[in-house]
Amino acid sequence: MDFTLSEEQLMIQQAARDFAENELLPGVIERDDEQRFPAEQIKKMGELGFMGMMVNPKYNGSGLDTLSYVLVIEELSKIDASASVVASVNNSLVCWGLDTFANEAQKEKYLTKLASGEVIGAFCLSEPEAGSDATSQKTTAIDKGDHYLLNGTKNWITNGNTADIYLVIAQTDIEKGHRGINALIVEKGMPGFEVGPKENKLGIRGSDTHSLLFNDVKIPKENRIGEDGFGFKFAMKTLAGGRIGIAAQALGIATGAYELAKKYSKERKAFGTEISNHQAIAFKLADMHTQIQAARHLVYKAAWDKDNGNDYTLSGAMAKLYASQVAMETAVEAVQIHGGNGFVKDYHVERLMRDAKITQIYEGTSEIQKIVISRNILKA
Ligand code: CAA
């Protein structure tokens with residue numbers, strides 16, 4: 001078993017670390033406060049090849065493996081989880097989905113722009129009444145011969161307003177249940193498509209999350225991804241990989257919080273010595289470090305499975321379940337170690353704590369991951 005990262009992976013990791021420290025850290029507190037999208041930073045991430053990392057270079061991607069992608073998301077998330085979710089959704093839900101399942105014309109028209117970071121994409125599955133229960137789609141895409149007529153509402157859509165290209169999951173044939181669902185490529189500006197109000201969120205406040213409203217939007221048939229009725233499978237297969245990206249985000253948040261807490265504990269004095277000399281604090285750090293390493297092994301293993309042609313639904317779900325729990329617990333403890341300073345914004349850990357929570361919710365809640373895990377282990 002070889003745990004060594006390749007020269008190329010180390011270089012990419014370092015590039016992401018430098019970028020996060022030099023470009024994401026300045027202004028991260030203000031962006032969070034003002035709910036301001038990191039537009040300039042995302043543009044630069046596109047220039048660095050971080051927006052279409054696993055896409056074939058033929059379509060402007062970086063042609064890298066999943067592990068490199070995970071390393072980048074981890075580094076970005078240590079400092080700015082709002083920027084990292086924009087990248088994660090664009091990379092693993094939008095670009096990977098199109099690269100793997102779209103036809104040549106769709107790739108030429110849409111993927112080339114998304115992978116270069118020229119435009120951003122969004123993945124639209126959740127609805128007011130279909131969050132975890134994703135087969136209960138109320139949005140309809142009625143077959144009208146040469147086009148689908150799209151009607152309905154999508155909720156909590158990451159990149160909701162900043163995206164130009166949306167992958168929308170909708171029900172075409174209710175009789176067929178999940179086999180009657182399609183995935184359609186929708187462009188901003190199509191008549192009848194409206195972006196709803198922005199959500200005022202607990203965490204990842206720099207990312208823009210909106211509802212989307214579709215009112216008789218005509219979607220040309222050529223914008224359907226895959227065969228008729230492939231939409232639900234498209235969503236599940238794409239989300240299986242997406243969950244590795246969110247697991248990497250959780251790992252990054254945990255690591256960022258831990259590193260801040262460790263540094264602080266070596267500077268802050270109480271009872272005549274640095275607080276790291278008190279076992280109450282040293283043991284917290286020992287637990288955090290151990291749990292983060294365990295999460296890292298799960299996350300990298302899931303990426304390795306994907307890169308090596310193994311099934312990664314189970315390993316990705318386990319990685320997301322555990323890494324998100326570690327992110328939440330580590331961030332809470334990092335605030336505790338910072339004491340009163342942890343409760344104010346300047347020390348960053350309260351933001352990481354707020355950001356950590358969403359990793360237990362989006363791209364499948366922890367409870368959904370347990371459904372996926374239990375079904376996979378029981379069928380074996
Ligand atoms: N790969 C391929 N196919 C899959 C699959 C996978 N990983 N998981 C399920 N399927 C297939 C099944 O085989 C089945 O097809 P067949 O009947 O042809 O065999 C079909 O999909 C339906 O599967 P289930 O019967 O298991 O469906 P279910 O109703 O029991 O639900 C679920 C399964 C796993 C709970 C699913 O509904 C789910 O994942 N829910 C969570 C949804 C989710 O993650 N939402 C996140 C929104 S996206 C987001 O957050 C993005 C963002 O902006 C950050």
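**Close-up 1. Polar contacts of the ligand in the predicted model.** In this predicted model, the side chain of H178 places an N or O atom 3.0 Å from an oxygen atom of the ligand. The side chain of K233 likewise has an N or O atom 2.8 Å from a ligand oxygen atom. At G364 the backbone takes part: one of its polar atoms is 3.0 Å from an oxygen atom of the ligand. On its own, the ligand has 1,100 Å² of accessible area, and the protein covers 75% of it.

**Close-up 2. Residues around the ligand.** There are 25 residues around the ligand. Those that come nearest are S132, T158, K233, R243 and R375. Of these names, K233 also appears in the previous view, where its side chain is 2.8 Å from a ligand oxygen atom.

**Close-up 3. Helix α11 along its length.** Helix α11 is formed by residues 366–379, 14 residues in total. From its first C-alpha to its last, the helix reaches 20 Å, which is close to the 20 Å expected at 1.5 Å a residue.

**Close-up 4. The buried and exposed residues of helix α11.** The buried residues of α11 are S366, I368, Q369, V372, I373 and N376. Viewed down the helix axis, the buried residues of α11 fall within an arc of 160°, and therefore they line one face of the helix. These buried residues pack against two other helices, α7 (231–267) and α9 (313–338). The face of α11 turned away from the buried side carries the exposed residues E367, K370, R375, L378 and K379. R375 also belongs to the residues that come nearest to the ligand.

Technical notes
Residues numbered from 1 in each chain as written. Predicted model: local features only at pLDDT ≥ 70, side-chain atom pairs only at ≥ 80, totals over all residues. Heavy atoms only, no water. Helix = DSSP H or I, 4+ residues; strand = E, 2+ residues; numbered from the N terminus. Expected span 1.5 Å × (residues − 1). Buried < 20%, exposed > 50% of the residue type's maximum accessible area, 1.4 Å probe, protein only. Arc of directions from axis to C-beta. Contact = heavy atoms within 4.5 Å. Near = heavy atom within 4 Å. Polar contact = N/O pair within 3.5 Å; in protein donor to acceptor, adjacent residues only side chain to side chain. Areas by Shrake-Rupley, 256 points an atom, 1.4 Å probe, with all protein chains shown as cover.
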